[in-house]
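Trainee: Got a minute to go through this one with me? I would like to start with the cysteines.

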Amino acid sequence: PSVAIRLMIARAVHALGPTSFALHCRLTPAPSGHQQPTKRLVKVFAAEGGKKSKVLKSKWCGIEHRRFVSHSARARVQKMGDADAPATAAASSGNGEQASPTVQYVVLRKDLGVPEAEGGLGWPLGSIVAQACHASTAAMWLARDDATTQTYCSPENIDNMHKVVLQVKGETQLKNLSAKLTEAGVAHKLWTEQPENFATCLATKPYVKEEVAQYFKKCNLAK
């Protein structure tokens, strides 16, 4: 698979639950003393329905990008005005740091995409992406009554999913990781592909990242 497989897989599993969203860009005057826009990151938080908006990167000073997620996103963006003042205090913790995000971990076998001539299985990219989708969907369905999963898939958050796509060497390492997660009480789904009848991928239910990150330190980013 290509180097961008991790991003492609994450996008594929995110697309399993699409909803509406809108982008709102507003030009503001450049700082005094600047003849040309300067490169800096403009971080803007807006209170909208009591929830934090998604902050996107801005390449130019004076341009604010706000992404609001809701079923009536377009209508709400049209009504936005000066009343949408930044509300960073509500979005930050007491020490000024952002709370750990809620993520779903997806772990694939690296050898799935390695050419057969090099000792791998030589699966095409589409088949590998399908394994991640299977595991991700199954894990969330099995945890559908979990409060964190319901929040992760709620209409307000469904366009802001975070996934961490990792890889292990082969089936043995994948099963060992699954056993480790089971022992630690980390809910997940080990996907067994049929008719091959071997494990190809695992995915956790959504977790606050800091709660489970320790179990994936030895895994590399999928590529």
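Trainee: How many disulfides does a search of the whole structure find?

Mentor: Zero, in the whole structure. Keep in mind that this is a predicted model.

Trainee: Take Cys153 and Cys219. Is Cys153 buried, exposed or partly exposed?

Mentor: Cys153 is partly exposed, because its relative accessible area is 31%. Cys219 has 13% relative accessibility, so this cysteine counts as buried.

Trainee: Okay, zoom out. What does the secondary structure of the chain come to?

Mentor: Seven helices and eleven strands. The chain has 223 residues, and 39% of them count as buried.

Trainee: And what surface does the chain expose?

Mentor: About 13200 Å², with 54% of that area supplied by carbon and sulfur atoms.

Trainee: What about contacts between residues at least 6 apart in sequence: what share joins residues at least 24 apart?

Mentor: That share is 68%.

Trainee: Now the interior. Which residues touch the most other members of the largest nonpolar core?

Mentor: Tyr105, Val107, Leu166, Leu177, Leu181, Val212 and Phe216, out of 17 residues in that core. Strands β6 (102-109), β7 (163-168) and β9 (198-204) each supply at least two residues of this core, and helix α6 (171-184) does so too.

Trainee: Which residues does Val212 touch, not counting those up to four places away in sequence?

Mentor: Tyr105, Val186 and Tyr207. There is also another core, apart from the largest one, with 13 residues. Val106, Trp123, Ala132 and Ala203 are among its members.

Trainee: Switching to rings. How many aromatic pairs does the search find?

Mentor: Two in the whole structure. One of them is Tyr105 with Phe216, whose ring centres are 4.1 Å apart.

Trainee: Why does that pair count as stacked?

Mentor: The planes of Tyr105 and Phe216 are at 5°, and stacked needs under 30 degrees, so the pair qualifies.

Trainee: Where in the chain are the two partners?

Mentor: Tyr105 is in strand β6, while Phe216 is in the loop between α7 (209-212) and β11 (220-221). They are 111 residues apart, so the pair links distant parts of the chain.

Trainee: Are Tyr105 and Phe216 buried or exposed?

Mentor: Tyr105 is buried at a relative accessible area of 4%, and Phe216 is buried with a value of 4%.

Trainee: And what is the geometry of the pair of Trp123 and Phe198?

Mentor: Tilted, with 6.0 Å centre to centre and 35° between the planes. This pair also links distant parts of the chain: Trp123 sits in the loop between β6 and α4 (125-142), Phe198 in strand β9, 75 residues apart. Trp123 has 17% relative accessibility and counts as buried. Phe198, at 18%, counts as buried as well.

Trainee: Which charged residues sit over rings?

Mentor: Arg144 lies over the face of Trp141, 4.1 Å from the ring centre. The charged end of Lys205 is over the ring of Tyr207, at 4.0 Å from its centre.

Trainee: Last one. Where is Lys180 found?

Mentor: In helix α6. At 37% relative accessibility, Lys180 counts as partly exposed.

Trainee: How far is Lys180 from Tyr215 in space?

Mentor: 7.9 Å, C-alpha to C-alpha, with their positions 35 residues apart in sequence as the separation.

Technical notes:
Residues are numbered from 1 along each chain as its sequence is written. This is a predicted model: local features need pLDDT of at least 70, side-chain atom pairs count only at pLDDT 80 or more; totals for chains, interfaces and linings use all residues. Side-chain values use heavy atoms; hydrogens and water are left out. A nonpolar core is a set of buried Ala, Val, Leu, Ile, Met, Phe, Trp, Tyr and Cys residues joined through side-chain atoms within 4.5 Å. Buried means under 20% relative accessible area, exposed over 50%, partly exposed in between (1.4 Å probe, protein chains only). Helices (H or I, at least four residues) and strands (E, at least two) are DSSP runs, numbered from the N terminus. Contact means heavy atoms within 4.5 Å. A disulfide is a pair of cysteine sulfur atoms within 2.5 Å. Rings of Phe, Tyr and Trp (its six-membered ring) pair if their centres lie within 6.5 Å; planes under 30 degrees apart count as stacked, over 60 as edge-to-face and the rest as tilted. A charge sits over a ring if NZ of Lys or CZ of Arg is within 6 Å of the ring centre and within 35 degrees of the ring normal. Accessible areas come from the Shrake-Rupley method with a 1.4 Å probe; for residues, only the protein chains shown count as cover.
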